[in-house]
Amino acid sequence: MKRQSAVAIALLGLMLAAATAFAEDAPKTANTVTSGAAPVVAVPASPAGAVDPAAGHRMLLPGDFKWTDAPASLPKGAKVSVIHGDPSAPGIFAMRISIPAGYKVPPHSHPAEEHVTVISGEFYMGMGDTWDESKGHGLPAGSAAVMPVGTRHFAWCKEATVIQLHAMGPWGITYVNPQDDPRNAKQATK
């Protein structure tokens with residue numbers, strides 16, 4: 001029993017040392033995350049010089065997510081909450097997207113592989129350059145999708161839905177038809 005306790009204490013010491021090393025390499029400043037023109041969420045900073053092995057470990061309850069308008073590159077109406085990273089910078093990020101009923105994203109692609117997990121509701125996706133709901137598939141809560149770089153697809157929701165997206169940044173979206181890009185519609189009205 002003493003040997004098992006000693007081994008457990010040694011393992012905990014190694015884990016603490018590794019966590020401390022990672023914490024020392026982590027950024028120590030606050031960061032406002034932006035994607036497109038809209039700020040997404042602020043990540044709290046550690047006090048200068050403080051080393052907290054658990055600083056990178058966060059647990060979020062449903063009420064902890066801070067929702068803001070989605071970037072201008074997405075059709076109006078969606079909200080986003082960044083969980084980790086910065087979608088506008090190189091590196092891994094994770095964010096949730098709250099999508100209203102009746103929302104549609106025309107055919108588009110992304111510059112990096114994208115992973116989507118449906119948290120609630122039902123998310124519909126179809127593949128290709130043209131909108132054709134008959135080629136779509138409903139993904140109920142608990143489903144996941146992985147899209148390789150450049151995969152042309154379209155998406156919609158019949159009911160309010162929340163998805164979680166993670167990918168390597170910087171995140172971007174390129175619409176198959178430039179007239180479908182909400183950023184171009186805004187420029188046309190100026």
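Colleague: Y124 and W156, buried or exposed?

Modeller: Both Y124 and W156 are buried. Bear in mind that this is a predicted model.

Colleague: How are the rings of Y124 and W156 arranged?

Modeller: They are stacked, because the planes meet at 15° and an angle under 30 degrees counts as stacked. The ring centres of Y124 and W156 are 5.3 Å apart.

Colleague: Where do Y124 and W156 sit in the chain?

Modeller: Y124 belongs to strand β8, residues 122-127, and W156 to strand β11, residues 153-156. The pair links distant parts of the chain, with the two positions 32 residues apart.

Colleague: What about W131 and F154?

Modeller: Those two make a tilted aromatic pair, at 4.9 Å centre to centre and 40° between the planes. W131 is in the loop between β8 and β9 (136-140), while F154 is in strand β11. They are 23 residues apart, so this is another link between distant parts of the chain.

Colleague: Is W131 buried or partly exposed, and what of F154?

Modeller: W131 is partly exposed, at 31% relative accessibility. F154 is buried, with a relative accessible area of 0%.

Colleague: Which residues are in the ring cluster?

Modeller: Y124, W131, F154 and W156 are joined into a cluster by ring pairs. The count of aromatic pairs comes to five.

Colleague: On to the sheet. What is the strand order in the open one?

Modeller: The order is β9-β8-β11-β6-β13, five strands with antiparallel pairing. β9 and β13 (174-175) are the edge strands, each pairing on one side only.

Colleague: How many bridges hold β8 and β11?

Modeller: Four, in the antiparallel sense. G126 has F154 in β11 as its bridge partner. F154 is the residue that forms the tilted pair with W131.

Colleague: Which strands pair with β12?

Modeller: Strand β5 (residues 91-99) pairs with strand β12 (residues 161-169) over nine bridges, antiparallel. In that strand, I163 is the bridge partner of I97. Strand β7 (residues 114-120) also pairs with β12 in the antiparallel sense, over six bridges. There V116 stands opposite L165.

Colleague: Back to β11. Is H153 buried or exposed?

Modeller: H153 is buried, at 2% relative accessibility. Its place is in strand β11.

Colleague: What lies 2.9 Å from a polar atom of the H153 side chain?

Modeller: The backbone oxygen of T151.

Colleague: And which residues does H153 touch, not counting those up to four places away in sequence?

Modeller: Among them are P106, P107, H108, S109 and H110. H153 also touches E114, M125, G126, M127, G128 and M147.

Colleague: Change of topic. How many salt bridges are there in the whole structure?

Modeller: A search finds four. One of the salt bridges joins K104 and E133, with the closest N and O atoms 3.7 Å apart. K104 is in strand β6 (residues 104-109) and E133 in the loop between β8 and β9, 29 residues apart.

Colleague: How accessible are K104 and E133?

Modeller: Both count as partly exposed: K104 is at 44% relative accessibility and E133 at 35%.

Colleague: What does D129 do with R152?

Modeller: Their side chains meet in a salt bridge, 3.2 Å from N to O. D129 lies in the loop between β8 and β9, and R152 in the loop between β10 (144-147) and β11, so the salt bridge ties together parts 23 residues apart in sequence. D129 is partly exposed at 38% relative accessible area, and R152 is partly exposed at 41%.

Colleague: And R183 with D181?

Modeller: That is a salt bridge too, at 2.8 Å from N to O. R183 is partly exposed, with a relative accessible area of 32%, whereas D181 is buried at 8%.

Colleague: Last bit, the whole chain. How many helices and strands?

Modeller: Two helices and 13 strands.

Colleague: How much of the chain is buried, and what does it expose?

Modeller: Of the 190 residues, 33% are buried. The exposed area is about 11,200 Å², and carbon and sulfur atoms supply 61% of it.

Colleague: What share of the contacts with a separation of 6 or more comes from residues 24 or more positions apart?

Modeller: They account for 69%.

Definitions and conventions:
Residues are numbered from 1 along each chain as its sequence is written. This is a predicted model: local features need pLDDT of at least 70, side-chain atom pairs count only at pLDDT 80 or more; totals for chains, interfaces and linings use all residues. Side-chain values use heavy atoms; hydrogens and water are left out. Rings of Phe, Tyr and Trp (its six-membered ring) pair if their centres lie within 6.5 Å; planes under 30 degrees apart count as stacked, over 60 as edge-to-face and the rest as tilted. Buried means under 20% relative accessible area, exposed over 50%, partly exposed in between (1.4 Å probe, protein chains only). Two strands pair if DSSP finds at least two bridges between them. Contact means heavy atoms within 4.5 Å. Accessible areas come from the Shrake-Rupley method with a 1.4 Å probe; for residues, only the protein chains shown count as cover. A polar contact is a pair of N or O atoms within 3.5 Å; within protein, one must be able to donate a hydrogen and the other to accept it, and residues adjacent in sequence count only if both atoms are side-chain atoms.
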